[in-house]
Amino acid sequence: FVAPIDGIVSSRAVKVGNTVSPGDVTFLVTNTRTLIAYLHVPQRDLYRYAVGMPAHLALDALPGETYAGTVSRISPRIDPVTGTFRVTLNVDGGDGELRPGMFARVHVVYESRADALLVPASAVLTEDADQAVFVVEDGIARRRAVDLGYASGDRVEVVDGLAPEDTVIVVGQTAVKDGTPVAAETGGNRI
C-alpha cells in the first residue's frame, strides 16, 4: 500500500533500468501546499517576535495575492557576521501556486490594537521632535500636539492629543496657521 503524497516530483535521480539500493535517493518530491519561509531579522527586533504570530506574504511573481503564514520557530542564536537571527514561518501555499525558492515580502503582525485612532501620515506635521495635526474647531484651524504610535502604510496611530470626533485637516495643512478660518471642501467631508 502506497499512501498518496501531497506534492510534485521536482527532480529525478534515476533512469529506467538503473539499479538502486535501499537508502538511494531516487526522486525529490516537493510539497507545495505547506511551505517554510526563513526570515533573517535584525537583532534589535528580537523582542518583538513570538511563536504563533500571524504573517502575510506578498510575492512579485503573484501580484495582488497574499498568503497567510505563522511564526513557528525563532532561533536563539544571533549570527555574529550579519547581526541577524532566523525566524521560521509555516506558510499556507494555497492550491500549489507558491513554489520553493520564491522571494516574498513578509509582514509580521507584532501587535494589533482594536479601535486605534488612525490619521493619514501626511496630515502629521513634524517640527523638531514634536508632532502635531491641525483640527477644525468651529470653522477655525487649531494646531494640536499629538503623540504617535504605530505606523502602517500611509496611516499612523495617534495615541494622545486627538479624539475620535475631531476633524483633522488632511490637505493644505502646511499652509495653515493656528487660528486660520477654514471651510469643508464641497463634495465630501475633507477639510
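The protein chain has twelve strands and zero helices, so reading from the N terminus you just get β after β. Keep in mind that this is a predicted model. The chain is also stretched relative to a globule: its radius of gyration is 26 Å, where a compact globule of 191 residues would be near 16 Å.

**Overall shape and surface**
- Along the principal axes, the C-alpha trace spans about 90 × 45 × 25 Å.
- Burial is on the books for 25% of the 191 residues.
- The accessible surface adds up to about 13200 Å², with 52% of that belonging to carbon and sulfur atoms.
- On the charge side, there are 17 positive and 24 negative side chains, and the centres of these two sets sit 10 Å apart.

**Contacts along the sequence**
- Take the contacts between residues at least 6 apart in sequence: 57% of them join residues at least 24 apart.

**Nonpolar cores**
- The largest nonpolar core counts 18 residues, and the ones with the most contacts inside it are Tyr-67, Val-87, Leu-89, Val-91, Leu-98 and Val-108.
- Strands β3 (34–42), β4 (54–59), β5 (62–74) and β6 (84–92) each chip in at least two residues of this core.
- Looking past its neighbours within four places in sequence, Val-108 is in contact with Leu-39, Tyr-49, Met-53, Pro-54, Ala-55 and Val-71.
- Another core lies apart from that one, with eleven residues, including Val-124, Val-133, Val-146 and Val-168.

Note on methods. Residues numbered from 1 in each chain as written. Predicted model: local features only at pLDDT ≥ 70, side-chain atom pairs only at ≥ 80, totals over all residues. Heavy atoms only, no water. Helix = DSSP H or I, 4+ residues; strand = E, 2+ residues; numbered from the N terminus. Rg over C-alpha atoms; globule rule 2.2 N^0.38 Å. Buried < 20%, exposed > 50% of the residue type's maximum accessible area, 1.4 Å probe, protein only. Contact = heavy atoms within 4.5 Å. Areas by Shrake-Rupley, 256 points an atom, 1.4 Å probe, with all protein chains shown as cover. Lys, Arg positive; Asp, Glu negative; His and termini not counted. Charge placed at Lys NZ, Arg CZ, Asp CG, Glu CD. Core = buried A, V, L, I, M, F, W, Y, C linked by side-chain atoms within 4.5 Å.
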